[in-house]
Amino acid sequence: MLANIRIVLVETSHPGNIGAIARAMKNMALSQLYLVKPKIFPSADATARASGADDILASAVICDTLTEAVADCEIVMGASARDRTIGWPTLVAKQCAEQALKDAHNNQVALVFGRENSGLTNAELDCCQYLIRIPCNKDFSSLNLAAAVQVFTYELFSKASQQIEEEAVSAPEPLATSAQIEGFYQHLQETLTAIDFIQSGQSNSVMRRLRRLYSRSRLSTREVDILRGILRMSQGRKQ
Ligand code: SAH
């Protein structure tokens, strides 16, 4: 989903900030950088601060207007350090990441950042459906531009990684059926008897404990196969 999220910088003055943002983006697995009328670009300062994220700089798209930079985006979010009087829905950085990732499933999403000295104009914020904000000291709320991009891109990356992990957990291997599990317990009991760990007829309490142990781990079919493979091998060694 991160591939559908772009960072748009409006009239950035310091090329060093552009480089630092390219680096932050690459660290956080984002790749689409759009620059609206950058003051100086390309620039050795930008390349130096990118520290190897040159590919992001090389593929940056330069535009004349914000409208052009977001023309193909369905969702546009404008980052502002100041509380604005316009009644746009405001998302703090974590909520922004959630919303942006949800929308990025089937839309292009833009996160728009303003000028170092004056931020975004109200007309530019009018192009946005959401205001996005990093909560911080209300008496000193303006972060350095690259630091602001870093915070949002970190939240995006960490939410995206969490979603990938959750998907992996929610699509586990198929669980073993009771018949498979019973087959395993039978096999286990036979093996433990064969290696003289338990005596036939006196094995109930050990087997019950082992059943409890294995049932806590919700064995999958594959895991049962592995365990039975181990049992086969250990019986083979005994003979
Ligand atoms: N002096 C400007 C702030 C410029 S900081 C002003 O008063 O608006 C440059 C850009 O970084 C801002 O336009 C905004 O896009 C982003 N930014 C800085 N601090 C931020 C914060 N606390 N929340 C969201 N975006 C922030």
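Student: In this predicted model, what makes the backbone N or O atom of Ala79 and the ligand oxygen a polar contact?

Tutor: That backbone atom of Ala79 lies 2.7 Å from an oxygen atom of the ligand. The cut-off for a pair of N or O atoms is 3.5 Å, so this pair counts.

Student: And what about Asn117 and Ser141, which atoms of the ligand do they meet?

Tutor: A backbone N or O atom of Asn117 is 3.4 Å from a ligand nitrogen, and for Ser141 a polar backbone atom sits 2.9 Å from a nitrogen atom of the ligand. Both values are within 3.5 Å, so these are polar contacts too. As for cover, the protein takes up 92% of the 540 Å² of accessible area that the ligand has on its own.

Student: Which elements give two or more residues to the shell around the ligand?

Tutor: Those are β7 (130–133) and α7 (145–170). Helix α7 gives the most, with three residues. The shell holds 21 residues; by class, 10 are nonpolar, seven polar and four charged.

Student: How many aromatic pairs are there, and why is Phe113 with Phe152 called edge-to-face?

Tutor: There are three aromatic pairs. For Phe113 and Phe152, the ring centres are 5.7 Å apart, within the 6.5 Å limit, so they pair. Their planes stand at 65 degrees, and over 60 counts as edge-to-face, so that's the label.

Student: What does that pair tie together?

Tutor: Phe113 lies in strand β6 (residues 109–113) and Phe152 in helix α7, so the pair ties together parts 39 residues apart in sequence.

Notes
Residues numbered from 1 in each chain as written. Predicted model: local features only at pLDDT ≥ 70, side-chain atom pairs only at ≥ 80, totals over all residues. Heavy atoms only, no water. Near = heavy atom within 4 Å. Polar contact = N/O pair within 3.5 Å; in protein donor to acceptor, adjacent residues only side chain to side chain. Areas by Shrake-Rupley, 256 points an atom, 1.4 Å probe, with all protein chains shown as cover. Helix = DSSP H or I, 4+ residues; strand = E, 2+ residues; numbered from the N terminus. Nonpolar A, V, L, I, M, F, W, Y, C, P; charged D, E, K, R; others polar. Phe/Tyr/Trp six-rings, centres within 6.5 Å; stacked < 30°, edge-to-face > 60°.
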